[in-house]
Amino acid sequence: MYKLMTSLLFILTCTVSASANDAQYFWRFGDGSVSHEAEPEHEYAQPGIYTVTREVYQDGKLLESSEKQVDLISPKIVGLVILQPGEVVQGQNVEFLANLTSSEPLDLHYQWYVAGEPVSVAADNGKFTTKFAEPGDVELSVDALWQQTVVSSASTQLKVTEADNDGDKPDDGDDNPGDGDDNPGDGDNNPGDGDDNQGDGGDNPGDGGDNPGDGGDNPGDGGDNPGSDKGSDNKTPGTGKSDEGGAGGSLHFLSLLLAGACVIRRRR
């Protein structure tokens with residue numbers, strides 16, 4: 001409750017003489033309450049800004065009228081600042097907040113201004129979202145209002161930076177040739193990259209696998225085929241004899257020829 005001592009709020013120059021006890025008073029306190037006392041007290045149920053009027057009558061005539069505005073909002077406000085992001089970039093949405101600190105909750109609304117021009121906001125909750133089309137310095141300000149009366153204000157200077165229009169380019173780590181992704185020559189499954197292709201040590205000719213000339217089971221590769229260097233029966237193709245048996249047969253044949261020649265000579 002907010003008590004109002006009207007004798008402290010008004011300094012009235014009353015023309016009514018002190019002996020005129022028949023003067024009538026009429027007070028209106030701005031919240032619908034009235035009083036006919038000379039110096040009334042009044043309590044307000046809610047904080048606000050009220051206009052109090054006082055009228056003095058004598059013999060039905062209005063002798064004096066005065067009014068005063070009673071502000072029960074501003075004394076409750078500790079401060080108002082604008083909260084903003086660390087960087088404001090051209091063309092990007094940014095959100096601002098009117099941060100009001102008060103000794104008790106106040107039912108206020110806010111009016112925002114950009115470069116001195118008022119802007120409309122859909123939700124009257126102290127938040128303001130916008131974007132700036134051009135880089136440069138911009139003044140942003142806000143008024144806190146109770147009904148139509150400004151009770152506090154704040155402003156700030158914004159530095160809108162120019163947007164970086166350099167998008168993703170080739171060789172920047174994306175899926176472009178030569179950047180280490182799935183393209184030819186990058187170490188993946190493409191010819192000439194050391195994977196499963198000819199000449200790479202896999203199962204193809206000349207790569208050490210099971211094809212001719214690669215050391216596998218084909219002719220000339222050292223496996224189970226004629227002319228290989230493995231430990232098979234060392235048979236000469238087409239003879240069915242080993243290499244050592246061939247040399248012994250030749251010596252045996254020469255021995256037979258020499259023995260035969262000796263026999264012939266003896267018979268003669």
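Two strands count as paired here if DSSP finds at least two bridges between them. With that in hand, the predicted model can be read strand by strand. Ile77, for instance, has Ser102 in strand 9 as its bridge partner. That link belongs to the pairing of strand 7 with strand 9 (residues 94-102), which is antiparallel and runs over six bridges.

Taken as a whole, the chain holds two helices and 14 strands. Of its 268 residues, 29% are buried. The accessible surface adds up to about 18,000 Å², and carbon and sulfur atoms own 47% of that. As for contacts, take those between residues at least 6 apart in sequence: 47% of them join residues at least 24 apart.

Back to strand 7, which is part of an open sheet of three strands, ordered 7-9-12 and paired in the antiparallel sense. Strand 7 (77-83) and strand 12 (127-130) each have a single partner strand, so one side of each goes without a neighbour in the sheet. From one strand to the next, the twist averages 15 degrees. On the other side of the strand 9 story, strand 9 and strand 12 are joined in antiparallel fashion by four bridges, and Phe96 has Phe128 of strand 12 as its bridge partner.

What about the side chains of strand 12, and which of them are buried? Phe128 and Thr130 point to one face and are buried, whereas Lys127 and Thr129 point to the other face and are not. This fits the general pattern, since side chains in a regular strand alternate between the two faces of the sheet.

Then there is an open sheet of five strands, with the order 8-14-13-10-11 and mixed pairing. Its edges are strand 8 (88-89) and strand 11 (117-119), each pairing on one side only. Strand 8 goes with strand 14 (residues 149-161) in the parallel sense, over two bridges. Within strand 14, the residue opposite Val88 is Val160.

Next, the nonpolar packing. The largest nonpolar core has 26 residues, and the members touching the most others are Phe96, Leu108, Trp112 and Phe132. Two or more residues apiece come from strand 7, strand 9, strand 10 (109-114), strand 13 (136-146) and strand 14. Strand 13 gives the largest share, with five residues. Phe96, one of the best-connected members of this core, is also the residue bridged to Phe128 in strand 12.

Which residues does Leu108 touch, leaving aside those up to four places away in sequence? The list runs to Ile73, Ile77, Leu100, Ala144, Leu145, Trp146 and Val151. Ile77 has already turned up as the bridge partner of Ser102. Apart from this core lies another one, made of ten residues, including Ala23, Tyr44, Val56 and Val70.

Finally, a look at Val52, which sits in strand 5 (residues 49-58). Why does Val52 count as buried? The cut-off for burial is under 20% relative accessible area, and Val52 qualifies because its value is 0%. Val52 and Val34 are separated by 18 residues in sequence, and their C-alpha atoms lie 9.6 Å apart in space.

Notes: Residues numbered from 1 in each chain as written. Predicted model: local features only at pLDDT ≥ 70, side-chain atom pairs only at ≥ 80, totals over all residues. Heavy atoms only, no water. Axes fitted to C-alpha atoms, helices over the stretch in contact; angles between N-to-C directions. Buried < 20%, exposed > 50% of the residue type's maximum accessible area, 1.4 Å probe, protein only. Core = buried A, V, L, I, M, F, W, Y, C linked by side-chain atoms within 4.5 Å. Contact = heavy atoms within 4.5 Å. Areas by Shrake-Rupley, 256 points an atom, 1.4 Å probe, with all protein chains shown as cover.
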